[in-house]
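Me: Please take a close look at one strand of this model and its surroundings. I would like a connected account rather than a list.

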Amino acid sequence: TMDNSVAGNNVLAFHRSADGSLELAGAFPTGGIGTGTGLGNQGALILSRDGHWLFVCNAGSNEISVFAVTPDGLAFSNKVNSEGQRPVSLTLRDDLLYVLNAGGAAGGSDNITAFHFDSGSLLHIPGSTRALNAGNTGPAQVSFTSDGDVLVVTEKATNIIDTFTVGDDGFVNGRKTFISPVPTPFGFATGRHGRIFVSEAGGGPNASSVSSYEVSDDGDVAAISQSVSTRQTAACWVVLTRNERFAYASNTGSGTISGYRVAPDGSLELLDADGITGNIGAGSAPIDIALTRNSGFLYTLNSGTGTLSAFRVNADGSLETLAGVNGIPAGANGLAAE
């Protein structure tokens with residue numbers, strides 16, 4: 001995770017033991033600055049598919065930092081301008097990285113823009129910047145679909161899901177927009193067959209939900225399971241297990257995690273009738289959520305209590321609470337796990 005500090009942004013790295021417990025490995029300066037407050041986002045800090053590289057948003061200085069992941073910790077590699085204001089989300093496919101800039105919240109305008117990644121360095125692709133549906137949409141996340149053919153963006157303020165088709169040259173084309181059935185589409189996970197699993201924070205207590213969709217190669221979005229309730233409040237972040245049998249959403253307003261069973265066709269069914277698969281606690285305000293590469297452990301970053309919570313993921317999708325970590329700065333943001 002990152003501390004997102006206005007005095008200088010740092011990545012806080014942890015060693016994970018075989019039992020899922022965490023031990024601080026160090027704080028690694030990004031060379032940029034954070035905002036000290038929540039970013040309303042998912043994906044401000046991501047790992048490459050092979051786990052060798054870490055990419056970090058510096059939302060306060062409008063930059064992206066790159067680290068090499070080594071057995072001894074993180075080694076700073078590169079830092080570039082995000083080509084916008086307030087970068088909040090990143091996505092990587094092979095050597096193509098896109099950033100989502102929430103510039104509308106900083107006096108500018110929202111956009112996405114592309115970079116070529118090579119040997120630890122990012123190089124901006126001129127002419128790749130694209131606007132969203134409006135200047136200030138409250139954008140939450142950008143991500144490629146699993147095959148890399150489409151780029152997806154969620155807009156919280158406009159209740160819109162944007163799609164862009166991705167060309168062989170890395171440029172995106174033909175923005176399409178789809179209205180979310182429930183207010184505030186937020187974080188999402190991507191799965192096989194162009195599927196996306198999107199949280200919907202909703203407009204009130206116990207009004208949040210998760211929807212699954214199939215995104216076609218030309219960017220059309222078709223609902224599979226629409227607005228399956230979490231029975232909890234403010235579901236904002238979503239992850240999907242590696243075998244795609246289970247999805248989990250963190251409910252910021254309730255201090256809980258809702259688990260879903262994912263059928264082979266992508267449809268969703270709540271694991272627990274009350275929507276509580278993991279209980280972190282009132283006031284914990286879980287935001288970012290991450291699964292380890294083998295989906296054996298799940299972690300949440302809790303902005304209300306300055307903690308990281310840890311869970312073992314059982315074969316039936318249930319979660320077993322493990323010891324977590326205290327002392328995380330209140331403004332911390334982003335979470336990635338190996």
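Reply: A residue is called buried here when its relative accessible area is under 20%. The model is predicted, and what follows is computed from it.

By that cut-off, strand S13, residues 150-155, is mostly covered, with 6 of its 6 residues buried. The side chains divide between two directions: Val 150, Val 152 and Thr 154 point one way from S13, while Leu 151, Val 153 and Glu 155 point the other way. Both groups are buried, Thr 154 and Glu 155 included.

S13 has a pairing partner before it in sequence and another after it. Strand S12, residues 139-144, pairs with S13 in the antiparallel sense over 5 bridges. Within that pairing, Val 152 of S13 has Ser 143 opposite. The hairpin of S12 and S13 has 5 residues between the strands, and Gly 148 takes a positive phi near 80° there. Strand S14, residues 160-166, is also antiparallel to S13, and the two share 6 bridges. Leu 151 has Phe 164 in S14 as its bridge partner. In the hairpin of S13 and S14, 4 residues lie between the strands, and Asn 159 adopts a positive phi near 60°.

Leu 151 also links this strand to the interior. The largest nonpolar core has 40 residues, and Leu 151 is one of those that touch the most other members, along with Phe 55, Ile 64, Leu 90, Tyr 98, Ile 112 and Leu 122. Strand S8, residues 96-102, gives the most to this core, with 6 residues. In soluble globular proteins, nonpolar side chains tend to be buried together.

Phe 55 gives a view of the surroundings of another core member. Leaving aside neighbours within four places in sequence, Phe 55 is in contact with residues including Leu 90 and Leu 122, both of which are also among the members with the most core contacts. Other contacts of Phe 55 include Ala 44, Leu 45, Ile 46, Val 66, Leu 92, Leu 97 and Phe 117. Ser 48 and Ser 65 are in contact with Phe 55 as well. A second, separate core has 29 residues, among them Leu 271, Ile 287, Ala 310 and Phe 311.

Further along the chain is an open sheet of 4 strands in the order S16-S17-S18-S19, with antiparallel pairing. Its edge strands are S16 (185-190) and S19 (221-229), each pairing on one side only. Between S17, residues 195-200, and S18, residues 209-215, there are 6 bridges, and Ile 196 stands opposite Tyr 213 in S18.

How values were computed
Residues numbered from 1 in each chain as written. Predicted model: local features only at pLDDT ≥ 70, side-chain atom pairs only at ≥ 80, totals over all residues. Heavy atoms only, no water. Core = buried A, V, L, I, M, F, W, Y, C linked by side-chain atoms within 4.5 Å. Buried < 20%, exposed > 50% of the residue type's maximum accessible area, 1.4 Å probe, protein only. Contact = heavy atoms within 4.5 Å. Pairing = 2+ DSSP bridges.
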